[in-house]
Amino acid sequence: MKEIRKKYYIKFGENLQLLLAKYGKDVMTVASIGKIEPKQVYRVLNGEHGASMGTIISIAKGLEIPPKELFDFDFDLKKE
């Protein structure tokens with residue numbers, strides 16, 4: 001189960017990277033707007049750990065998107 005979670009964290013981070021590019025924001029800006037430490041955003045980007053609900057909300061606020069957009073990527077548990 002830990003392996004599946006790690007793969008999900010990586011995919012989540014990859015999606016976050018795409019969203020940063022899509023909305024023309026950098027980690028420092030997102031962290032500042034979301035009122036969190038940049039290292040939290042970097043950890044999520046790098047798939048180091050799963051983001052807490054508070055971190056997800058802060059990142060979404062920083063990107064100025066609904067939180068559900070952070071989860072809009074393909075991840076098939078059957079293949080993983």
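Start by selecting H1: this helix has 21 residues and spans 30 Å from its first C-alpha to its last, close to the 30 Å expected at 1.5 Å a residue. Keep in mind as you click around that this is a predicted model.

**Stop 1: the two faces of H1**

Now pick out the buried residues of H1, which are Phe-12, Gly-13, Asn-15, Leu-16, Leu-19 and Leu-20. Look down the helix axis: they cover an arc of only 165 degrees, which puts them on the same side of H1. An α-helix has 3.6 residues a turn, so residues three or four places apart point the same way.

Spin to the face of H1 turned away from that buried side, and you'll find the exposed residues Glu-3, Leu-18, Ala-21 and Lys-22. What sits over the buried side? Show H2, H3 and H4, which are among what covers the buried residues of H1. Before leaving, step past the end of H1 to Gly-24, which follows the helix and has a positive phi, near 65 degrees.

**Stop 2: H3**

Next, select Pro-38, Val-41, Val-44 and Leu-45, the buried residues of H3. Their arc around the axis is only 125 degrees, so these residues are on the same side of H3. The cover over them includes H1, H2 and H4. Just after H3 comes Gly-47, with a positive phi of about 70 degrees.

**Stop 3: the core**

Time to go inside. Nonpolar side chains tend to be buried together in soluble globular proteins. Here the largest nonpolar core has 19 residues, and the ones with the most contacts inside it are Leu-16, Leu-20, Val-41, Ile-59, Leu-63 and Leu-70. Colour by helix and you'll see that H1 (2-22), H2 (27-34), H3 (38-45) and H4 (53-63) each supply at least two residues of this core.

Which residues does Val-41 touch, not counting residues up to four places away in sequence? Centre the view on Val-41 and show Leu-16, Val-27, Ala-31, Ile-36 and Ile-59.

**Stop 4: the aromatic cluster**

Switch to sticks for Tyr-8, Phe-12, Phe-71, Phe-73 and Phe-75, which form one aromatic cluster. A pair of aromatic rings is described by the distance of the centres and the angle of the planes. The count comes to four aromatic pairs.

One of them is Tyr-8 with Phe-73, a tilted pair at 5.3 Å centre to centre with 45 degrees between the planes. This pair links distant parts of the chain: Tyr-8 is in helix H1, Phe-73 is in the segment after H4, and they are 65 residues apart. Are these two buried or exposed? Tyr-8 is partly exposed, with a relative accessible area of 27%, while Phe-73 counts as buried at 17% relative accessibility, because the cut-off for buried is under 20%.

Keep Phe-73 selected and add Phe-12: they make an edge-to-face pair, 6.2 Å centre to centre and 80 degrees between the planes. Phe-12 lies in helix H1 and Phe-73 in the segment after H4, so the pair ties together parts that are 61 residues apart in sequence. Phe-12 is buried, and so is Phe-73.

**Last stop: Lys-35**

Finally, head for the loop between H2 and H3 and select Lys-35. Lys-35 is exposed, with a relative accessible area of 67%. Now draw a distance from its C-alpha to the C-alpha of Gly-62: the two residues are 27 apart in sequence and 8.1 Å apart in space.

Definitions and conventions. Residues numbered from 1 in each chain as written. Heavy atoms only, no water. Core = buried A, V, L, I, M, F, W, Y, C linked by side-chain atoms within 4.5 Å. Buried < 20%, exposed > 50% of the residue type's maximum accessible area, 1.4 Å probe, protein only. Helix = DSSP H or I, 4+ residues; strand = E, 2+ residues; numbered from the N terminus. Contact = heavy atoms within 4.5 Å. Phe/Tyr/Trp six-rings, centres within 6.5 Å; stacked < 30°, edge-to-face > 60°. Expected span 1.5 Å × (residues − 1). Arc of directions from axis to C-beta.
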